[in-house]
Amino acid sequence: MQTLRASSSLPASSRCRSAAGTRAGMRQVALPVPARVYAPASLRSNRASATKQQFSSFEEMLAGSDVPLLVDFYATWCGPCQMLSPILSSVQTKLDGKIKVVKIDSEKYPALSTKYRVQALPTIILFKDGQQVDRIEGLPNEAQLMDRIKYFI
C-alpha cells in the first residue's frame, strides 16, 4: 500500500496556496455551510451530480453524519482543485453509501479553513465519527485516494 503524507509527498505544482490559511487572529463564527453532498446512485444518472444542502454549522453536519465525510477544501481559481472534482465523483460512485463527499469553498468560509489549518489547496480531510482521521494536501490520483479512504472505512 502506498502512503501519501500531507504536502511532503506531493510536488509543489499540485498545491495552491490559500490566503485563508495564513490569516492570524481571525475570529471564528459559525456560519451556515452550503455543502455539496453527492446523491446515492439510485438518485442519479450515470454521471455523478452534486446536491447542495444547507447546515446551520459545519459541526452539525459532522455530528449528523452516519458515514465518514470526505471534505474537499477548494477555491474556484485553483487549477488542481478543478482537476480533483472528477476524481471525487469517481470515488463517490465507487464507494456509494459508504462515504459522503462534501466540497467547501475556502474563500467563502475562511473561518473553517483557518480552524482546520488549510494552508494549501486542494486539502482533503476525512472525518469519521465527527473526528478528523486523515488529511491530504495537494492533488492525489484516484488510486491513492481510494487506498487512504478504504483504510478508515
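**View 1. A hairpin turn between strands E7 and E8.** Start at the hairpin of E7 and E8, where two residues sit between the strands. Asp129 is the residue to look for here, since Asp129 takes a positive phi near 55 degrees. Keep in mind as you look around that this is a predicted model. On either side of the turn you have strand E7, residues 123-128, and strand E8, residues 131-137. These two pair in the antiparallel sense, held in register over six bridges. Want to check the register yourself? Find Ile125 and you'll see Arg135 of E8 standing opposite. Then find Leu126, whose bridge partner in E8 is Asp134. While you're following a strand, here's a handy rule: side chains in a regular strand alternate between the two faces of the sheet.

**View 2. The open sheet that E7 and E8 belong to.** Zoom out a bit and you can count four strands, in the order E5-E4-E7-E8. The sheet is open and its pairing is mixed. Which strands stand at the edges? They are E5 (100-105) and E8, and each has a single partner strand, so one side of each is left without a neighbour in the sheet. Direction ignored, neighbouring strands here are turned by 20 degrees against each other on average.

**View 3. Two helices on the sheet.** Helix H2, residues 79-94, lies across E4, E5 and E7. Compare its direction with E5 and you get about 160 degrees. Helix H4, residues 142-152, packs on the sheet too, touching E4, E7 and E8. The direction of H4 makes about 170 degrees with that of E8.

**View 4. An aromatic cluster and a tilted pair.** Four rings come together in one aromatic cluster: Phe58, Phe73, Tyr116 and Phe127. Across the protein, the count of aromatic pairs comes to five. Why is the pair of Phe73 and Tyr116 called tilted? The ring centres are 6.4 Å apart and the planes are at 40 degrees, so this pair falls between stacked (under 30 degrees) and edge-to-face (over 60). Phe73 belongs to strand E4 (residues 69-74), while Tyr116 is in the loop between helix H3 (110-115) and strand E6 (120-121). That makes them 43 residues apart, so to speak a link between distant parts of the chain. Both Phe73 and Tyr116 are buried.

**View 5. An edge-to-face pair, Tyr151 and Phe152.** Here the ring centres are 4.9 Å apart and the planes make 85 degrees. Are these residues buried or exposed? Tyr151 has 60% relative accessibility and counts as exposed, because the cut-off is over 50%. Phe152 has a relative accessible area of 21%, and that makes Phe152 partly exposed.

**View 6. A lysine over a tyrosine ring.** Lys103 lies over the face of Tyr74. The distance to the ring centre is 4.7 Å.

**View 7. The whole protein.** Finally, step back and you'll find four helices and eight strands. Starting from the N terminus, the elements run β-β-β-α-β-α-β-α-β-β-β-α. Of the 153 residues, 48% are buried. The protein exposes about 8100 Å², and carbon and sulfur atoms supply 50% of that area.

How values were computed. Residues numbered from 1 in each chain as written. Predicted model: local features only at pLDDT ≥ 70, side-chain atom pairs only at ≥ 80, totals over all residues. Heavy atoms only, no water. Phe/Tyr/Trp six-rings, centres within 6.5 Å; stacked < 30°, edge-to-face > 60°. Buried < 20%, exposed > 50% of the residue type's maximum accessible area, 1.4 Å probe, protein only. Lys NZ or Arg CZ within 6 Å of the ring centre and 35° of its normal. Pairing = 2+ DSSP bridges. Axes fitted to C-alpha atoms, helices over the stretch in contact; angles between N-to-C directions. Contact = heavy atoms within 4.5 Å. Areas by Shrake-Rupley, 256 points an atom, 1.4 Å probe, with all protein chains shown as cover.
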